[in-house]
Amino acid sequence: MIASCLIPLTLCLIAGWVTAGTDERTLDGIPAPIAAIIGVCSLIWFVAVCPWPVELALVLAVLVLGKAYLQDILKLG
């Protein structure tokens with residue numbers, strides 16, 4: 001069960017790394033959109049195979065981190 005969750009998560013993280021590290025101004029930027037598509041598909045696969053407590057923990061983590069990030073932005077303005 002853990003391997004079935006780690007494989008798509010690893011693929012998603014690698015695809016994000018490739019997308020962020022690719023220079024879009026040259027022909028080397030071609031892998032960026034392909035990696036982004038693979039990353040989104042891997043993320044959907046990850047959410048589909050993970051047990052619900054892991055999904056709940058991820059949703060709560062996104063909410064907490066998003067709230068902290070937004071408070072920092074709103075304090076600046």
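**Three helices, one chain**

This chain has three helices and zero strands. From the N terminus on, the elements run α-α-α. Keep in mind that this is a predicted model. The average pLDDT over the chain is 83, and 86% of the residues score at least 70. Confidence is highest in α2, at 89. It is lowest in helix α3, residues 52-76, at a mean of 85.

A few totals next. Of the 77 residues in the chain, 16% are buried. The chain exposes about 6100 Å², and carbon and sulfur atoms supply 79% of that area. Now the contacts with a separation of 6 or more. Residues 24 or more positions apart account for 59% of them.

On to helix α1, residues 2-21. How far apart should its ends be? At 1.5 Å a residue, its 20 residues should span 28 Å. The end C-alpha atoms are 28 Å apart, so the model agrees with that expectation.

Which residues of α1 are buried? They are Cys5, Pro8, Cys12 and Ala15. Look down the axis of α1, and its buried residues fall within an arc of 105 degrees, so they line one face of the helix. On the other side of α1, Ile2, Leu13, Trp17 and Gly21 are exposed. And what covers the buried residues of α1? The cover includes α2, residues 31-49.

That takes us to α2. Run the same kind of length check. Its 19 residues, at 1.5 Å each, should span 27 Å. The end C-alpha atoms of α2 are 26 Å apart, which agrees.

The buried residues of α2 are Ala32, Ala35, Gly39, Ser42 and Phe46. Down the axis of α2, these buried residues fall within an arc of 85 degrees, so they too line one face of their helix. The face of α2 turned away from the buried side carries exposed residues: Ile37, Ile44 and Ala48.

Let me pick out two residues in α2. Start with Ser42, which sits in this helix. Why does Ser42 count as buried? Because its relative accessible area is 4%, and the cut-off for buried is under 20%. Which residues does Ser42 touch, leaving aside its neighbours within four places in sequence? Ser42 is in contact with Pro8, Leu11 and Cys12. Pro8 and Cys12 are both on the list of buried residues in α1.

Now Ile34, also placed in helix α2. Is Ile34 buried, exposed or partly exposed? At 48% relative accessibility, Ile34 counts as partly exposed. The band for that label lies between the buried limit of 20% and the exposed limit of 50%. The C-alpha atoms of Ile34 and Val18 are separated by 9.6 Å. Along the chain, Ile34 and Val18 are 16 residues apart.

Last item: the cysteines. Cys12 has 17% relative accessibility, so Cys12 counts as buried. How many disulfides does a search of the whole structure find? Zero. Take Cys50, which is in no disulfide. The nearest cysteine sulfur to Cys50 belongs to Cys5, and it is 3.2 Å away. A disulfide needs the two sulfur atoms within 2.5 Å, so this pair does not qualify. Cys50 is also buried, because its relative accessible area is 8%. Its neighbour in this pair, Cys5, is one of the buried residues of α1.

To recap. Three helices, zero strands. In α1, the buried residues line one face. In α2, they do as well. And α2 is part of what covers the buried residues of α1.

Note on methods. Residues are numbered from 1 along each chain as its sequence is written. This is a predicted model: local features need pLDDT of at least 70, side-chain atom pairs count only at pLDDT 80 or more; totals for chains, interfaces and linings use all residues. Side-chain values use heavy atoms; hydrogens and water are left out. Helices (H or I, at least four residues) and strands (E, at least two) are DSSP runs, numbered from the N terminus. The expected span of a helix is 1.5 Å times one less than its number of residues. Buried means under 20% relative accessible area, exposed over 50%, partly exposed in between (1.4 Å probe, protein chains only). The arc is that of the directions from the helix axis to the C-beta atoms. Contact means heavy atoms within 4.5 Å. Accessible areas come from the Shrake-Rupley method with a 1.4 Å probe; for residues, only the protein chains shown count as cover. pLDDT is the predictor's confidence in each residue, from 0 to 100.
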